[in-house]
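Q: Please take a close look at how strands and charged side chains fit together in this model. I would like one connected account that I can follow with the coordinates open.

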Amino acid sequence: MTAAVELLRGRGMRDLLPEDMTRFRRIERAFRDELLGWGYQEVRTPTIEWLHLFTSAGTLSPHLLDRVYSFLDWDGWSGERVVLRPDTTIPAARVYAEHFTDEPAKLFYVQNIFRFAQGDEPRELWQCGAEVYGHTWPAGDIELMAAGRRVLQRLGLGDVRVRLSHTGVLRALLARAGFAPDEQAERYDRILDGDLSVTQEILGRLPDVRAPLDLLFTVTGTDAGYLSNLRAVFAEAVPGMAPALDELDLVARALAATGCPFDISMTLARDFEYYTGPIFRFALSDGSDAGGGGRYDSLVHRTAGSAVPACGFGLAMEHVMARMPEIEPERGPVVLVQPAAVSAEAAGLALSVASELQAAGFCAELVGSRRHPACRWTLTVDPARGAARYVLHDVQSGGDLGAASMDLVLAALGRGQC
Amino acid sequence: MLTLALPTGDLRGPVAAALAAGGLACSPYADGSRSLRLSLEGRDDVALRVFREKDIPIQVALGNYDFGICSAAWVEELQSRFPYDDVTVLRPLGFGRHQLVAAAAPETLQRLGPLRSWSGVRGLRIVSEFPGIAERFARRMRFARYSIHSVWGAAEAYPPEDADLAILAVKDPSDVLAHGLEPLVTLLDASAWLIAGRRGLAGRDLGAVIGRLLAMAAPAVPPGTLALPRASQLESRLAPAAGREREGVRLAVPDGHAQRHTFAALAAAGLTFDGYGEKSYVRRPASGIDGLEVKVIRPQDMPQQVALGNFDLAITGRDWLLDHLFAFPASPVAEALDLQRSRYGIAAAVSEDVPATTLAEALGWWRGQGHTAIRVASEYPNIADHFARLRHLGRYQVIPVNGASEAFVPEDSEILIEGTETGSSFRANRLKKVDHVFDSTNCVITRTSGIDGPRRRLVEQLVTRFRDGLDG
């Protein structure tokens, strides 16, 4: 049976089963409630976009670009390819540019992305994301960090640590070493891969830099003081770092003021190509990464031609689903309503009784189903029997209650016993 | 049984010589031979099959063949489209040297500047027989907006009118100059490669042949893998690639097998183009008609070129028109006139060994034999795909083929969708027809929208002349 299912399902594709969907909807609800509370508006972008939205420099990184699902559409005789949405930030920027003129605009979405992964690794991923467009530095960044962290806390994921970084720090170093922008991205990824030969390459190009580069690559700061230290060490050799360190310092101090735990690492995020400012990630109590975002002030310009700064974040729903604590069923106790006889009158009564139970918060069904939790109550309805029109049976205790009105039935269900 | 896929075409001679020197002489395999199934002298544990070069990496990746020999460019093309395929390069062979060059016309370079400044240009048109490599090249260059025009051949014919950049396979960069183009960057400089399937190497004992193949006489050369340049300019200029307004009418006529029939149809319509004969042509013949420009390209590529608006009308086969329309049903190209020449049927054929006279019987037999997926090989992948859906084949694989297709059945596919005039080629390869798909003749195709005023009138006049030629 299992083997047959695996043959039929596309590689890297996953079915979301009832328990998964319960968790999925719980995340979606927590996310929507939180973001609506901060004044964001919900959007949904198409599954298929033009590939060219993602190919310009400063949009999707080459690493991700090599994993998109692109194809010629049924009217693609022009040779211009379309793509299954490989990222949510870039389509959201397009939506902003095409439909919104106000600044700031605050949008959020819950949608899937498609990226090739080897073997059975998932190729369809779900994200909850939020974006702020307009000149909102630094309030927009801080608002997004707070909102994302609170979503995770709403889901019972405990204390969430924010991990901070800034692309400008390493960019300044690599630019000072004379690397072209595309070379900077490649060297950045190699640093993240632990390729220490890049350090030697940088030092070879910058013999005047005597500062220990390890301070950037291997040390994780736990206090804004770490940034002061970097500023002191690199101020002279790499003056281009200063604006990035100042921005990061502001964010770090704001988090500290709210009591939010954070750490700072300059080698935090891969595929950073569109980020231009502070980056943040959300670390769960087990140390795992639940998502993150950052500032991308050039992306809207690259995508749609209008220069509007922006920042945003996304949560990896599969990751969060897997770490959520046990959750309660979405509906109250289950009552199986069954007519005592096969007649139109009895069926009609059963239907109205089921509706009444559902309105009272119970899960009432005319057709029993095998599922969790098991059905505890059955309610037999018989319009021909006045005093025992309703017979409630407790499957757990074996007790019965005969009643002439639904009020007695609802009261018994409320008590949890016949 | 060990299997080896060998190339047809120019590589036959050097491959045959290298195999013989390695003690793997096979016959009949040499320049000019037409046999598609071969055997090794003194070895009955090795099966050899001749393919078009482009098909060899695909066949090795599918696991149908343990080893293959073909130009490096076709291996790189497959790996550009499917980076996680199962092909590995065992060794470069030194002979069959070729280069992949990105080239442009001088007027394009004058308009857009040097290649390094093209990153921000929107609407670049790139033409190539190697669409996978072209796609990777465009991404690596971070072109802001581009289209890849995949063609069967003659990519050098497209710049500057119909493409801004061509990625060409040449023996030497001077070949690019001979086409009036400037080589901009060399993406690959390599020879023929000996390749193998990873799965076969991992799970089967191929030792009986692998040592001999590696011992083939060939100079030691570096493999010369694909080297794509990086964009060196991140700031986008966001400039349009070109204004492509034109006033005249453009007609595409074919080279190759279809040329003789087209020449006859033109003659019947009273049209003679200087530089387009029954057997010879120049790329841009002179029409002798005011406002009519003529270009010679491959018939397979004509429907797309007409749909793109690069040409207003073209003479091609209905088979190529339908293959295009099955891929792109809304494409603005249609048959304007059946020229009723070059007639052949497109048919589905199976091996004579299949005990069936109809497709339904054959499907039932294969299912009884435990086939999970039916493989359909064809030079018309979109027609084959449409056929498979229409005939409810269930689970199927379309195997695109670039020639030498009759020998795919039965080893490498169950069904072949192929053009047949008399059926003699089917019989010679022990195939039998089980389904008729449609009849193909050559026809005039035109763009269904976007042609107005004097251009529309000239197009209609030309179609009328072809029709009068038919009536005459």
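A: What follows goes from a sheet to a helix and its salt bridge, and then to the second chain.

This is a predicted model, in which local features need pLDDT of at least 70 and side-chain atom pairs pLDDT 80 or more, while totals for chains, interfaces and linings use all residues. Residues count from 1 along each chain as written, chains are lettered from A and ligands numbered from 1 in written order, and side-chain values use heavy atoms, without hydrogens or water.

Let's begin with the open sheet of chain A, whose 8 strands follow the order S1-S5-S6-S11-S10-S9-S7-S8 with mixed pairing (strands are DSSP E runs of at least two residues, helices H or I runs of at least four, numbered from the N terminus; paired strands share at least two DSSP bridges). Its edges are strand S1 (41–42) and strand S8 (262–264) of chain A; each has a single partner strand, so one side of each is left without a neighbour in the sheet. Further in, look at strand S7 (residues 161–166) and strand S9 (residues 278–283) of chain A, an antiparallel pair held over 6 bridges. Here you can find Arg161(A) opposite Ala283(A) of S9(A).

Next, please turn to Glu49(A) and Arg94(A), which form a salt bridge with their closest N and O atoms 2.8 Å apart (the rule is a Lys or Arg side-chain nitrogen within 4 Å of an Asp or Glu carboxyl oxygen). Glu49(A) belongs to strand S2 (residues 48–50) and Arg94(A) to helix H5 (residues 89–99) of chain A, so the bridge ties together parts 45 residues apart in sequence. Both Glu49(A) and Arg94(A) are buried (under 20% relative accessible area; exposed is over 50% and partly exposed in between, with a 1.4 Å probe and protein chains only). The helix around Arg94(A) fits that picture: 8 of the 11 residues of H5(A) are buried, so the helix is largely enclosed by the rest of the structure. Among the buried residues of H5(A) are Ile90(A), Val95(A) and Tyr96(A).

A second bridge in chain A joins Arg295(A) to Asp297(A), again with closest N and O atoms 2.8 Å apart. Arg295(A) is buried because its relative accessibility is 3%, whereas Asp297(A), at 31%, is partly exposed. Over all chains, the count of salt bridges comes to 47.

Chain B has a bridge worth finding too, between the side chains of Arg250(B) and Asp162(B), at 2.5 Å from N to O. Arg250(B) sits in strand S14 (residues 249–254) of chain B and Asp162(B) in the loop between strand S9 (145–150) and strand S10 (165–170), so this pair links parts 88 residues apart in sequence. Arg250(B) and Asp162(B) are both buried. They also belong to one network, in which shared salt-bridge partners connect Glu161(B), Asp162(B), Arg250(B), Arg284(B), Glu293(B) and Lys295(B).

Finally, consider strand S3 (residues 37–40) of chain B. In a regular strand, side chains alternate between the two faces of the sheet. In S3(B), Leu38(B) and Leu40(B) make the covered face, and Arg37(B) and Ser39(B) the uncovered one. Strand S2 (residues 26–27) of chain B runs antiparallel to S3(B) and is joined to it by 2 bridges, with Ser27(B) opposite Ser39(B). S3(B) also pairs antiparallel with strand S4 (residues 43–51) of chain B, over 4 bridges, and there Ser39(B) stands opposite Ala47(B). The hairpin of S3(B) and S4(B) has 2 residues between its strands, and its Gly42(B) takes a positive phi near 80 degrees.
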